[in-house]
Amino acid sequence: MSHPSSVKPRRAVVAGAGIAGLTAAYRLQQAGWEVEVFEAAPRAGGRVETVTRQGYRVDTGATAFAARYPVATQLAEELGLRLVDTAPYLGVYRDGRIRLLRLDRLIRSGLRTDVLTLSSKLRLARVVFDVARASLRGMLSYDDLRAAAPLDTETARDYVCRLAGAEADAYFGEPITRALLLADSDKVSRVELMSGLVNAVAGRLSTLAGGQAAIIDALLSRVRTVHLSSPVLCLTDTAEGVRLDYRGIGGETKTVEADACVVATPLPVAATICASARPQLGPLNDTLRFTKAINVAIGTTRPANTPAFLVQLPAAEDHEICMIIVENNKAPDRAPAGHGLLSVSWEMSAAAAWMQRSDEELVARSLQTVLRLFPELRDTVDFTYVRRWPVALPQTRVGVYQRIAEFTSGIDPTSRVQFAGDYLSQTGQNTAVAWGNRAAANLNKHHGAHTHTKYEELTHG
């Protein structure tokens with residue numbers, strides 16, 4: 001005869017219902033914790049969002065998984081989601097024409113492309129060698145770049161120009177930084193470029209059937225208690241655990257007591273609500289800034305004439321638009337049959353300058369670039385959608401990775417308050433999921449019931 005356990009379940013609170021916070025909540029719940037999640041916005045997901053309109057599915061933020069996203073893809077597969085490989089072609093626009101590269105044959109197609117002159121290609125071998133050497137030394141692990149701090153000494157532009165010249169920066173380095181961070185190469189650390197190159201060589205990108213936010217929906221269906229429109233105001237250590245104060249939907253301040261907490265908010269919010277951690281969070285928060293972003297989706301009654309799923313636009317070709325994602329080549333379910341869908345991503349400085357402009361102005365400016373690349377789409381537009389991100393991506397300027405390394409190295413795994421989010425390494429879904437896993441594992445190891453569960457197998461082995 002079995003008897004109910006008299007052990008009281010451990011309670012955890014999670015601040016933030018983005019992919020990092022929901023992952024942490026899901027893992028803790030798997031381990032037997034009672035979990036409540038508090039989210040300031042009226043929806044969960046953070047920068048992972050899929051909007052469905054008129055038969056189009058628009059991924060307004062996070063758009064795909066790289067092959068070197070093993071933690072995020074493992075979570076997606078565990079949740080029963082279907083991964084779809086994107087078309088293998090990547091385009092770079094130069095002098096009025098899209099040059100195609102094959103992701104699954106990147107070195108071979110890179111040697112054959114005419115996007116760069118032969119002399120630039122030969123000089124780029126120095127960059128490739130340098131990145132390969134750093135990777136072999138373990139300095140470019142995507143979800144934890146503490147080891148990359150010694151490389152964080154110059155911008156991506158200075159780095160490529162020094163080793164391979166200005167043309168290599170304009171049509172190789174800068175298109176990569178613009179695709180990764182929506183930022184020109186003089187605005188980000190060379191660590192971003194080096195880590196991005198390691199990911200690119202993996203040769204494959206995939207996306208989730210039904211939209212990238214399918215992973216958020218799947219987590220929400222499993223995490224039992226999520227409070228939306230409930231911003232966390234303050235997190236305090238107590239003798240027994242933690243106390244979380246939040247603003248309820250009616251505007252009143254409420255308090256929840258718990259054994260432990262995961263803080264998975266954007267960095268500026270974390271620095272505001274965590275008084276006890278401000279000495280550690282402050283230097284990072286003072287250094288790391290978040291960019292603004294604009295995404296304009298354009299649906300058409302026919303697809304564009306390109307096999308590429310993404311076309312990169314160097315600043316020399318378009319200083320305001322970074323890239324165009326050909327969504328129907330990313331996954332067939334993003335557009336109705338026979339239609340096309342393009343997502344136009346703006347460079348960070350242009351996004352800041354245009355943030356207050358009307359939707360009509362943003363669509364008109366985006367169409368200028370779209371029709372320059374794809375004139376066959378003139379008079380075919382049947383859908384548009386504008387998404388502004390006032391707080392978008394971390395801007396990892398030179399020196400930021402040194403501050404990230406200092407902060408993450410100082411995280412106490414035994415603390416009742418753990419941190420998760422994609423500002424703790426190179427920004428992206430893989431980082432967010434990895435740190436959500438790590439935060440939950442630390443809490444369960446040091447403050448949980450210490451029973452062996454499937455959860456521990458997933459996070460420790």
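Two strands are taken as paired if DSSP finds at least two bridges between them. With that in hand, the predicted model can be read sheet by sheet, beginning with an open sheet of 3 strands in the order β5-β9-β6, where the pairing is antiparallel. β5 and β6 (83–85) are the edge strands of this sheet, and each has a single partner strand, so one side of each is left without a neighbour in the sheet. The antiparallel pairing of β6 with β9 rests on 3 bridges, and within this part of the sheet Val84 lies opposite Thr207 of β9. Strands of a sheet pair through backbone hydrogen bonds, in either a parallel or an antiparallel sense.

Two of these strands meet a helix as well. Helix α8, spanning residues 214–222, has Ala214, Ile215, Ile216, Ala218 and Leu219 as its buried residues. These buried residues pack against β5 (65–66) and β9 (205–208), and also against the helices α1 (19–30) and α2 (70–78).

Further along the chain, strands β11, β12 and β13 offer a pair of hairpins to follow. β11 (residues 232–237) and β12 (residues 242–247) are antiparallel and share 5 bridges. The hairpin that links β11 to β12 passes through 4 residues, and Asp237 has Val242 in β12 as its bridge partner. β12 in turn runs antiparallel to β13 (residues 253–258), to which 6 bridges join it. Here Arg247 has Thr253 in β13 as its bridge partner. The hairpin formed by β12 and β13 has 5 residues between the strands, and in its turn Gly251 adopts a positive phi of about 95 degrees.

Away from the strands, one loop residue deserves a closer look. Glu154 sits in the loop that connects α4 (118–136) with α5 (156–164). Is this loop residue buried or exposed? The relative accessibility of Glu154 is 14%, and the cut-off for a buried residue is under 20%, so Glu154 counts as buried. A polar contact of 2.5 Å connects the side chain of Glu154 to the side chain of Arg162. Leaving aside residues up to four places away in sequence, Glu154 touches Tyr159, Arg162, Ser189, Arg190 and Val398. Arg162 thus appears both in this set of contacts and as the polar partner of the Glu154 side chain.

Technical notes: Residues numbered from 1 in each chain as written. Predicted model: local features only at pLDDT ≥ 70, side-chain atom pairs only at ≥ 80, totals over all residues. Heavy atoms only, no water. Helix = DSSP H or I, 4+ residues; strand = E, 2+ residues; numbered from the N terminus. Buried < 20%, exposed > 50% of the residue type's maximum accessible area, 1.4 Å probe, protein only. Polar contact = N/O pair within 3.5 Å; in protein donor to acceptor, adjacent residues only side chain to side chain. Contact = heavy atoms within 4.5 Å.
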